[in-house]
Amino acid sequence: PREDEDGMSDLAEEEHYRYLRRYRFEPTWRRALQELQAFSFGRTLLERFRRYSIITDTALDYLQAEAQREYSSGKKKSELSQKWLLDIRESVDAFLKNVGYKFNVLPKNYIECPPENIADLKSNLHLLEEILDCQQDKYGTQAMIRRVSAMIYPRIDSFVAQCLSILGDSFGWPGSLGSAHMDLLDAQRKQMYEAASPEEKENVYPRWARDMVMDVKYLTRMKELEGNRTVKERDIVPISGLVISCFVRNLKEHQTALELWGN
């Protein structure tokens, strides 16, 4: 059958109009047909896309504002630190279990209550001394510390990057800053803060931003100290130091208990 300009054959067109004649409502079908032919589908689709785009942008703005509130309130920092302390504790416990450490040898109040088994206490103490012997590294302690650090630092990096993005949006700072550049921008903003009137101080450099800058500096320095045995800072402990401190704390507790009850 012959096809017209719209790609419809004579037979198909005849069937089409036969259907319309059968089911049409005579008083209004011509007007409805004209309205349908005049309807702009392209414009309607474009308007729909614009509306959904506005809805999506609004939702995205809301989510970004919520994320910023979680960071500026300190909630995310607290979650981050609690998570890495939990990871360290679980990793240390798993490591100790694998090397034969006996848990529950020390009573909770070992200052007043003696251990039930002094031999197990001495065995644990000897094991902890070997674990902390970096020269021999009999049990692969250094490799374990590197694994824990590799698990935690990417989350710290992500947190720092998000903080820098928030600070950048708020004050026009670059999204990537070194320690020296951060110190400079922080000092400049503090000067503006000091020079501002009392009612304008919090607008110039709000408390949440000052706290966030301190967090970024701390975490950046924390990573810089990782693996650096020549530089030590009293108030900043890298992840490796936190792992070692778990072993050292156990060691000290066992030594104290042995001094009290060994004889």
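Buried residues are those with under 20% relative accessible area, exposed ones have over 50%, and partly exposed ones fall in between, as judged with a 1.4 Å probe on protein chains only. Helices, the other term needed from the start, are DSSP runs of H or I with at least four residues, numbered from the N terminus.

The model on screen is predicted, and local features in it need pLDDT of at least 70, side-chain atom pairs count only at pLDDT 80 or more, and totals for chains, interfaces and linings use all residues. Residues are numbered from 1 along each chain as its sequence is written, and side-chain values use heavy atoms, with hydrogens and water left out.

**First stop: helix α9**

Select residues 207–225, which form helix α9. The expected span of a helix is 1.5 Å times one less than its number of residues, so the 19 residues of α9 should cover 27 Å, and this agrees with the 27 Å between its end C-alpha atoms. Colour the buried residues of this helix, which are A209, R210, M212, V213, D215, V216, L219, M222 and L225. After α9 comes G227, whose phi is positive, near 80°.

Within α9, pick out D211 and R207, whose side chains meet in a salt bridge at 3.1 Å, N to O; the term requires a side-chain nitrogen of Lys or Arg within 4 Å of a carboxyl oxygen of Asp or Glu. These two residues, D211 and R207, are four residues apart in the helix, about one turn, and D211 is partly exposed because its relative accessibility is 30%.

Now add Y193 to the selection, and look for R210, whose charged end sits over the ring of Y193 at 4.7 Å from its centre. K201 also lies over the face of Y193, 4.8 Å from the ring centre; a charge sits over a ring if NZ of Lys or CZ of Arg is within 6 Å of the ring centre and within 35 degrees of the ring normal.

**Second stop: a bridge between helices**

Select D87 and R155, whose side chains meet in a salt bridge at 2.2 Å, N to O. D87 lies in helix α4 (residues 75–98) and R155 in helix α6 (residues 141–171), so the pair ties together parts that are 68 residues apart in sequence. D87 is buried, with a relative accessible area of 7%, whereas R155, at 29%, counts as partly exposed.

**Third stop: rings and a buried leucine**

The whole structure holds five aromatic pairs, a term for rings of Phe, Tyr and Trp (its six-membered ring) with centres within 6.5 Å, where planes under 30 degrees apart count as stacked, over 60 as edge-to-face and the rest as tilted. Select F95 and F247, whose ring centres are 5.7 Å apart with planes at 65°, so the pair is edge-to-face. This pair links distant parts of the chain, with F95 in helix α4 and F247 in helix α10 (residues 239–261), 152 residues apart. F95 is buried at a relative accessible area of 8%, and F247 is buried at 0%.

Keep F247 in view and add L128, which is placed in helix α5 (residues 118–131) and is buried, at 0% relative accessibility. Leaving aside neighbours within four places in sequence, L128 has contacts with L96, Y101, F247, N250, L251 and H254, contact meaning heavy atoms within 4.5 Å.
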